[in-house]
Amino acid sequence: MLRIHVLECEAEHYQSLNKEAKNFVVRLNDRDYKVGDILWFYPYDPETEEEGEGYIWRKVTYIQPGRGKCGVNLGYCVMALTTLSGQDVRKLIDYLNGLKPPKALNKPKE
């Protein structure tokens, strides 16, 4: 099953992902991320709490779980990312048909 996670992304990191200069992210693993998941990033400014324009989609190709070793804290993970293939895009479009707007997808439970 296709899993999509909608994630805030600070401007500098968003720009690096957008330029494909950055192919990984370090995140709190509060969503049980899996290889093959789609990450849907949108720009966010934590100081003003405002969302920017645009979205970036990436596919998780590898996960290094945080175990307190290798510089990755317990509860966090490093995820290697790639751009979506044509097949991934088709799956994403099929999945998104009929769903709620992006803000409503996979927000962590409080």
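A salt bridge is taken here as a side-chain nitrogen of Lys or Arg within 4 Å of a carboxyl oxygen of Asp or Glu. In this predicted model, that rule gives a count of four salt bridges. Side chains of opposite charge can pair when their charged atoms come close. Three of the pairs, including one that links a strand to a helix, are described below.

Lys59 and Asp88 form a salt bridge whose closest N and O atoms are 3.1 Å apart. Lys59 belongs to strand β5, which covers residues 56–65, and Asp88 to helix α2, which covers residues 86–96, so this pair ties together parts that are 29 residues apart in sequence. As for their surroundings, Asp88 is buried because its relative accessibility of 9% falls under 20%. Lys59, with a relative accessible area of 23%, is partly exposed.

A further salt bridge joins Asp32 to Lys34, with 3.2 Å between the closest N and O atoms. Both partners fall into the intermediate class of accessibility: Asp32 is partly exposed at a relative accessible area of 43%, and Lys34 is likewise partly exposed at 39%.

Arg31 pairs with Asp30, and here the closest N and O atoms lie 3.8 Å apart, a separation that counts as a salt bridge because the rule admits atoms within 4 Å. Arg31 is buried, its relative accessible area being 14%, whereas Asp30 is partly exposed, with a value of 41%.

Key. Residues numbered from 1 in each chain as written. Predicted model: local features only at pLDDT ≥ 70, side-chain atom pairs only at ≥ 80, totals over all residues. Heavy atoms only, no water. Buried < 20%, exposed > 50% of the residue type's maximum accessible area, 1.4 Å probe, protein only. Helix = DSSP H or I, 4+ residues; strand = E, 2+ residues; numbered from the N terminus.
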